[in-house]
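User: Please take a close look at the unusual backbone spots in this model. Which residues are involved, and where do they sit?

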Amino acid sequence: MSRYLVLGNGQLLVTFDEGLNMRDFYFPYVGLWNHIGGFKNRLGVWVPGRFSWVEDDSWSRELAYQGDTLVTDVRAVNDVLGVALEITDTVHHRENIYLKRVRVKNQGPEAREIRLFFTHDFSIDESNVGDTAAYDPGANLVYHYKRDRYFMVNGQSTQGGIFQYATGTKRFGGAEGTWKDAEDGRLEGNPIAQGSVDSSVSFRLYLEPGASEELWYWVTVARNYRDALQLNNYVKERTPAALLHQTEIYWRHWLRKADTDFADLPKDVVRLYKLSLLVIRAHVDRGGAIIAAADSDILHENRDHYSYMWPRDGALIAYSLARAGFPEITSNFFSFCEDALTQGGFLLHKYNPDGSVGSSWHPWILDGRRQLPIQEDETGLVLFALHEYYRRSGDLELILSLTHTFIEPAADFLCEYIYPHLNLPKESYDLWEERRGIFTFTAAAVYGGLMGAASMVDLQGDRERAERYRRKASHIREGIAERLYDPSIGRFVRGLYIRPDGAIEKDATLESSIFGLVEFGVFPASDPRIMSTMHAIEQGLWVKTPVGGIARYVGDYYFRRSDDVAVVPGNPWFITTLWLC
């Protein structure tokens, strides 16, 4: 469940696997629609008498990014073929253009022709029904289309444009696809196919021993043929080299705000920090959605994916981006949440990048009783992150525009969705989306959200409302201290469950997310109760193998790889380990 390279511009998002196969191609939203869906757009190489896909084991590959950019820096060498490739990929920072430069070196002892093959396994709008792949002889390019989606493929080498092409049927009626046609080094030139289709194109070079030359390949994407062709012509007129250079420069300028004082941090850590900012940026849609992940491999485990906007995930990312000095990227996220807010003042489970409600497994009725199918922390965290956004950006106009449409209704809901006798929020699903109850993380998020809302309505002089929010937050802090700290074990518990008979049951499972008590401002890190809790997390959730890292909680079953809970309490997660840090 990983992609080694991720490229995007806020509308077009492209990913690659370890074998340099393009595996995900999202448009017109980041995360929607995936026009490859985890299948493979391959790269292959032919020399006289031999052919190999670059994903094959005969290749050695090094995948990386150029420093401070969303531009790749890839090496691939095949000693059997006697070919070395230097590959640079990017998505143009502004236009919906995917660009690839391949420098091909002939490491063989004699001059020869070398051909490169590119395959296109598009299933437009996540369906292979009714697609068309066609060759346009006037423009010498191949394009795929369905309704208002057009994908135009072209390129050039020192020997000219597309050398060979083929369109055909894939995964239907016994046909595997034109990629099989490529393996003899020749494409048969079928000019059009419809239904479940794919295509392949080739380019050729003539290289002396030890010589190298460049070829360029690109895909333009638009809602109609005319606009896709205009982008194709734009690439040719401006030159792909110039567009690649523009994109390199853009990302380096964008990252300048991250050039802070890193003191004695190792260079590799600083590099990883900056690369993380770039990869996160690629997952932020221009319309505001911040998706959880673009990796479609999870479809092999579950007939769903992670290309949704969870308000919690989006809020934590928006909060982090604001702290990193990039609050402006997230302003549309808060407007997205404004549009998504229900009439009741709460946010639902998750959303598609176009703003529609996403799939869910939270029911409106459980054991014959009606309930809200929510994770209440998601509403609280958006308020918390919005306040941080204001603190870092000073964007008072956005706060004023959201006050009556988002801040007040969301905060009013948090104030009402409380058990007064417990001074804690009512039941909702936990942040891991696995159980329903009253959880420490959720209570901390509600506290942080109410305190943030109080500060934001204070900006307009509404002291009465601000005081109400602060008073409710104070009550929740009292409830957390009284109900969710267990002096008998010297730490905070995961949460509480209210049984049908009214009895309250503590869940003392050691849980990493309790860090939220500090992060969302409930208690200071120096509080002895926090210190003892975090010490217990460090001791009890650390994975005691060479892998290391912090598990989500003791006994975590999600993709479990070991039943020895004493050694491996659960799979280690990056985010939970960073929470401890």
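Analyst:
**Backbone outliers, then a pocket**

At 22% relative accessibility, N140 is partly exposed. This is a predicted model. N140 is not a glycine, yet its phi is positive, about 50°. The residue belongs to the loop between strand 12 and strand 13 (141-146).

E126 makes a similar case. Its phi is positive too, about 65°, and E126 is not a glycine either. E126 sits in the loop between strand 11 (112-120) and strand 12 (131-136). Its relative accessible area is 40%. The cut-offs for partly exposed are 20% and 50%, so E126 falls in that class.

Why flag such angles at all? Most residues other than glycine have a negative phi, and most peptide bonds are trans.

Two peptide bonds also stand out. F27 and P28 are joined by a cis bond, with omega about 5°. P28 is part of strand 3 (residues 22-29). The bond from L32 to W33 is cis as well, with omega near 0°. W33 lies in strand 4 (residues 32-34).

Now the second largest pocket. It holds about 530 Å³ of space. Its lining counts 17 residues, and L366, R369, E427, R436 and I498 lie nearest the centre. Seven of the lining residues are nonpolar, three are polar and seven are charged. Three strands each supply at least two lining residues: strand 20 (369-370), strand 24 (436-439) and strand 27 (495-498).

Notes:
Residues are numbered from 1 along each chain as its sequence is written. This is a predicted model: local features need pLDDT of at least 70, side-chain atom pairs count only at pLDDT 80 or more; totals for chains, interfaces and linings use all residues. Side-chain values use heavy atoms; hydrogens and water are left out. On a 1 Å grid over the protein atoms alone, a cavity is a set of points where a 1.4 Å probe fits but cannot get out, and a pocket is an open set with protein on both sides within 12 Å along at least five of seven lines; lining residues have an atom within 4 Å of a point. Grid points are joined across faces, edges and corners, and a volume is the space filled by probe spheres set on the points. Helices (H or I, at least four residues) and strands (E, at least two) are DSSP runs, numbered from the N terminus. Ala, Val, Leu, Ile, Met, Phe, Trp, Tyr, Cys and Pro count as nonpolar, Asp, Glu, Lys and Arg as charged, and the others, Gly among them, as polar. Buried means under 20% relative accessible area, exposed over 50%, partly exposed in between (1.4 Å probe, protein chains only).
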